[in-house]
Every structure is written in C-alpha cells, then in structure tokens.
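Hi there,

Here is the structure I promised to pass on. Have a look at it first, and then read my notes below.

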Amino acid sequence: MILYSSPLACSSAAHMILLELGIPHEIEFVDIYAQPHILIEGGTPFTDVNPKNSVPALRLDSGEVLTEIGVILQYIADLKPESGLLPKAGSLARYRVMEWLSYVGSDVHKTIGPLFHPHMPAAGKEIHKQNLNRRLTYIEQRLVHESYLMGETFTVADAYLFVMIGWEPYFKFDLAPYPNLAKFHKRVASRPSFADVLQLIDPVLKRVNLPVFPSATHIRDDVVRHA
Ligand SMILES: N[C@@H](CCC(=O)N[C@@H](CS)C(=O)NCC(=O)O)C(=O)O
C-alpha cells in the first residue's frame, strides 16, 4: 500500500501508525505548499490521486484509494488487531476511539487553520482562539489522571492529537496553559515510531524548505493556509 503524506501534516499520524505496526508500505510525499499540490517525486498533480486534494490518501493493494485521516488510521490499525492500537469493531471502546477521532478532526484540527490564517481578521481569530482553548481545556482535563485519551493505552486517536499539538511551534500558540497536554506530547514524542518519522521526513522538509518538525520556532505564512 502507498501512503500519500506531507511531512508536517495530519498524515504523519498515519505514517507513525504504519511504522508502529510494521506494516509494509511505501510513502509518496506530497508538496501541499505548492499550488497546485504535487507529488514531490515526479511532480504529478495530487488531484490525480485524491480529487479532494488533501493528505492523507492511502492506495490499497487493490488500487482503491481511501481518504480521511480518521478512517485511514482505523483501516491501518485493523490490519493488526492484536496490536491494541484500536479496540475491536463493535465494542463500546471502539466507538470511544471514533468519538475522539471525530473530536480531534472536527473540533481541534479544523480550528487551528483559521486561527492562524494570515488573512483572518482579529475578531474572527479571537472566536477561533476561544474555541480552540475550550477544546484543548476539555482534553487537558481528560489527561489529568490519564496518560492517553483512552486511559493508559495508546491508540490511533493519540497519534492524531499528537500531530495536531505538535504544530504549536509553527503556529505560535502556547501549550503552557495545558501542562498535561504538554506532558502527553512529550510522552508520544518518545515513541520510536516518531523518531523514525522524523528521520524519514527530514530530507523532504529540506527539499521543500520547511523547518524541521517539531522543534522549529519560526513559521512560513503558507504553512498555515493548509491546516
Ligand atoms: N478531511 C480531511 C482533511 C485533511 C487535511 O486537512 N489535510 C491537510 C493537511 S493536515 C491538507 O492536505 N491540506 C491541503 C489542502 O487542503 O489544500 C481528513 O480528515 O483527512
């Protein structure tokens, strides 16, 4: 299977899970900072792969292409159910993970982009800021007594949240008011799969001239346009 991913994007969560599970795969990196978005190797327009023009996309061995991060993460984890990264389909715990995937996707991920859009007026920014704060505070409280969103077990939803809050250095919002989220970030960052992702994306980041993830302190304006 082929994962179409962009180095700083939410698709990094799917990349991490593929590595966690040792599932054979190829990665095709997509430059989502180029207009139109293109495959870094060869320059093919990305819409040829995913007409939605967003990463991730997962090409299955059958040739079919699956999209949407919350679905792709589940598809990958279901290939190795024994890993425990995702509870069994049909169990309440599975719906709880889906609940988190949905919350991180619609309420966290999609609040970040508008908040830091260079052309967003101050009043609009303030509304998004308050929304993001409310959502991160909710997650912060969840993490007071627990290491991960589902308790003491790392799941695919944690990988997604991890990548979202890893954007903090680029978007210059402060994780200091959320000490448990900051600890959560550190905890997930210590997983070998993240070190592997960093190593694999490093040459690609240099090629598209982006700062090294996730410890950079500066930001390119165009990064925010694609969150
Ligand atoms: N609905 C999609 C959205 C994914 C998404 O927002 N991807 C961003 C990167 S994190 C992207 O590809 N942006 C490029 C663009 O929209 O032009 C999903 O959940 O997978």
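Where does the ligand lie, going by the domains that give residues to the shell around it? Domain 1 (2-83 + 192-224) and domain 2 (92-189) both contribute to that shell, so the ligand lies between them; the domain bounds come from an automatic or database domain assignment.

Before you go further: this is a predicted model, where local features need pLDDT of at least 70 and side-chain atom pairs count only at pLDDT 80 or more, while totals for chains, interfaces and linings use all residues. Residues are numbered from 1 along each chain as its sequence is written, and side-chain values use heavy atoms, leaving out hydrogens and water.

Now the ligand. Around it are 14 residues (each with a heavy atom within 4 Å of it), and H37, V55, E68, I69 and K110 come nearest. Some polar contacts (pairs of N or O atoms within 3.5 Å) stand out:

- The side chain of H37 has an N or O atom 2.6 Å from a ligand oxygen.
- V55 uses a backbone N or O atom, 2.9 Å from an oxygen of the ligand.
- E68 places a polar side-chain atom 2.7 Å from a ligand nitrogen.

On its own the ligand exposes 510 Å², and the protein buries 81% of that (areas by the Shrake-Rupley method with a 1.4 Å probe).

Also click on D31, which sits in strand β2 (residues 26-31); strands are DSSP runs of E, at least two residues, numbered from the N terminus. D31 counts as buried (under 20% relative accessible area) because its relative accessibility is 14%. Leaving aside neighbours within four places in sequence, D31 is in contact (heavy atoms within 4.5 Å) with H37, I38, I40 and V208.

Cheers

Technical notes
Polar contact = N/O pair within 3.5 Å; in protein donor to acceptor, adjacent residues only side chain to side chain. Helix = DSSP H or I, 4+ residues; strand = E, 2+ residues; numbered from the N terminus. Buried < 20%, exposed > 50% of the residue type's maximum accessible area, 1.4 Å probe, protein only.
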